[in-house]
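Hello,

Here is the structure I promised to pass on. Please have a look at it first, then read my notes below.

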Amino acid sequence: MPPRALSPTARAWAATGLGERVGAYAELSKFGIVLLVLVSAAAGFMLRAPLGADFPWAHGLVVLAGVMLLSSGASALNQVQERDKDALMARTANRPLPSGRLSHAQGLAFAALATVGGAVVLWLGIGRTAGVLGIIAAVFYNGVYTPWLKPTSPFAAVPGAIPGSIPPVIGWVAAGGSLTDAGAIILFGILFLWQMPHFWALALRYRADYASGGFPMVSEVVGVEGTARLILLYASGLTAWSLAAPTFGVGGPVTFVIAALLGGRLMWLAVKFAREPHDQRGWLKLFLFSNFYLLLLFAGMVAERLLLRLF
């Protein structure tokens with residue numbers, strides 16, 4: 001086909017370098033969030049799998065591949081679904097779809113291939129339970145939360161936290177655990193409670209942006225002060241839930257100490273933010289620390305289990 005017969009989008013795509021194309025698809029998959037999802041799935045796997053010579057390396061790699069594909073596909077589909085709203089918000093206007101770096105068809109094809117591929121990998125490589133959990137997470141996120149809850153409810157983040165809480169349970173099940181194990185429930189609860197302080201702190205920062213996109217926010221109902229109090233409420237629940245984890249066999253004394261230190265810092269930031277909700281430094285510190293909270297808590301749990309195995 002002669003170059004002049006190509007559409008403007010196709011010509012722009014043809015002129016794009018390989019690195020830029022890979023970068024565009026990485027943005028489409030929200031790869032930074034995917035990495036956090038992989039950490040939670042890996043933690044679930046490492047906290048349940050047999051250690052030593054019987055450690056199931058192959059299952060571990062398969063579950064990571066399946067979760068990565070599924071999470072990338074669901075995130076890409078989310079951007080396909082919200083591309084018109086993303087174009088209205090300064091924070092998201094330069095994403096691959098609203099900026100024209102990827103076409104709607106390219107985004108949809110990537111989302112479909114990655115989602116189906118992830119579900120197939122989990123179902124065939126791990127088992128039916130892991131496959132069903134992955135499908136439930138994707139269907140809830142792209143079929144319920146994105147098109148229905150998020151555009152209509154200011155409290156959509158609460159039920160919307162359910163799919164984000166499933167990856168560590170997939171890891172737990174892939175390692176030989178059961179859905180009814182206390183460990184699976186503890187990990188689900190940590191991810192569920194963690195998401196509200198994390199997301200609502202971010203949402204306060206971008207209130208005007210979300211309003212431009214037509215998304216209702218909690219602060220419109222209860223104000224900034226009320227949102228800060230809700231963040232404190234969920235931070236309290238997350239701290240208590242994390243401290244209870246060793247009681248139910250997830251971690252031991254080291255995990256308890258780490259949960260106490262992390263929870264103490266989180267509570268201190270949440271209390272300070274509740275007292276001074278209009279101080280922008282408050283939400284920023286809370287948001288940044290929430291990322292470290294999850295990473296350090298899971299790292300501590302896994303490290304304690306490995307150290308107990310060695311000594």
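The buried residues of H3 are covered by elements that include H4, H9, H10 and H14. This is a predicted model, so please read everything below in that light. The buried residues of H3 are Val 34, Val 37, Leu 38, Ser 40, Ala 41, Ala 43, Gly 44 and Phe 45. The length of H3 also works out. At 1.5 Å a residue, its 16 residues should span 22 Å, and the end C-alpha atoms are 22 Å apart, so the two agree.

Now the chain as a whole. It has 14 helices and zero strands. Its radius of gyration is 21 Å. For 311 residues, a compact globule would come out near 19 Å, so the chain agrees with that rule. Along the principal axes, the C-alpha trace spans about 70 × 50 × 30 Å. Of the 311 residues, 45% count as buried. Contacts reach far along the sequence. Take those between residues at least 6 apart: 73% of them join residues at least 24 apart.

Next, the pockets. How much space lies in the largest pocket? The answer is about 1200 Å³. Its lining has 45 residues, and the closest to the centre are Lys 30, Ile 33, Val 37, Tyr 141 and Gln 195. Val 37 is thus also one of the buried residues of H3. Seven helices are listed as giving two or more residues to this lining: H3 (31-46), H4 (57-81), H7 (128-152), H8 (157-164), H9 (167-174), H10 (182-205) and H14 (280-310). By class, the lining divides into 27 nonpolar, 12 polar and six charged residues.

The second largest pocket holds about 180 Å³ of space. Leu 204, Arg 205, Arg 207, Ala 208, Val 224, Pro 277, His 278, Gln 280 and Trp 283 line it. Two or more of these residues come from each of H10, H11 (207-213) and H14. Five are nonpolar, two are polar and two are charged.

Then the cavities. There are two of 30 Å³ or more. The largest cavity has a volume of about 90 Å³. Thirteen residues line it, and Lys 150, Ala 156, Phe 199, Pro 216 and Met 217 lie nearest its centre. H7 and H10 are the elements that give two or more residues to that lining. What classes do its lining residues fall into? There are 11 nonpolar, one polar and one charged.

The second largest cavity has about 40 Å³ of space. Its lining is Trp 200, Ala 203, Leu 204, Arg 207, Met 217, Val 218, Ser 219 and Thr 227. H10 and H12 (218-244) each supply at least two of these residues. The classes here are five nonpolar, two polar and one charged.

A few residues turn up twice. Met 217 lines the second largest cavity and is also among those nearest the centre of the largest cavity. Leu 204 and Arg 207 line the second largest cavity, and they line the second largest pocket as well.

To find your way around, you could start at H10. It gives two or more residues to the lining of the largest pocket, of the second largest pocket and of the largest cavity. H10 also supplies at least two residues of the lining of the second largest cavity.

Best wishes

Note on methods. Residues numbered from 1 in each chain as written. Predicted model: local features only at pLDDT ≥ 70, side-chain atom pairs only at ≥ 80, totals over all residues. Heavy atoms only, no water. 1 Å grid on protein atoms, 1.4 Å probe; cavity = no way out; pocket = protein on both sides within 12 Å on 5 of 7 lines; lining within 4 Å. Points joined across faces, edges and corners; volume = space filled by probe spheres on them. Helix = DSSP H or I, 4+ residues; strand = E, 2+ residues; numbered from the N terminus. Nonpolar A, V, L, I, M, F, W, Y, C, P; charged D, E, K, R; others polar. Expected span 1.5 Å × (residues − 1). Buried < 20%, exposed > 50% of the residue type's maximum accessible area, 1.4 Å probe, protein only. Contact = heavy atoms within 4.5 Å. Rg over C-alpha atoms; globule rule 2.2 N^0.38 Å.
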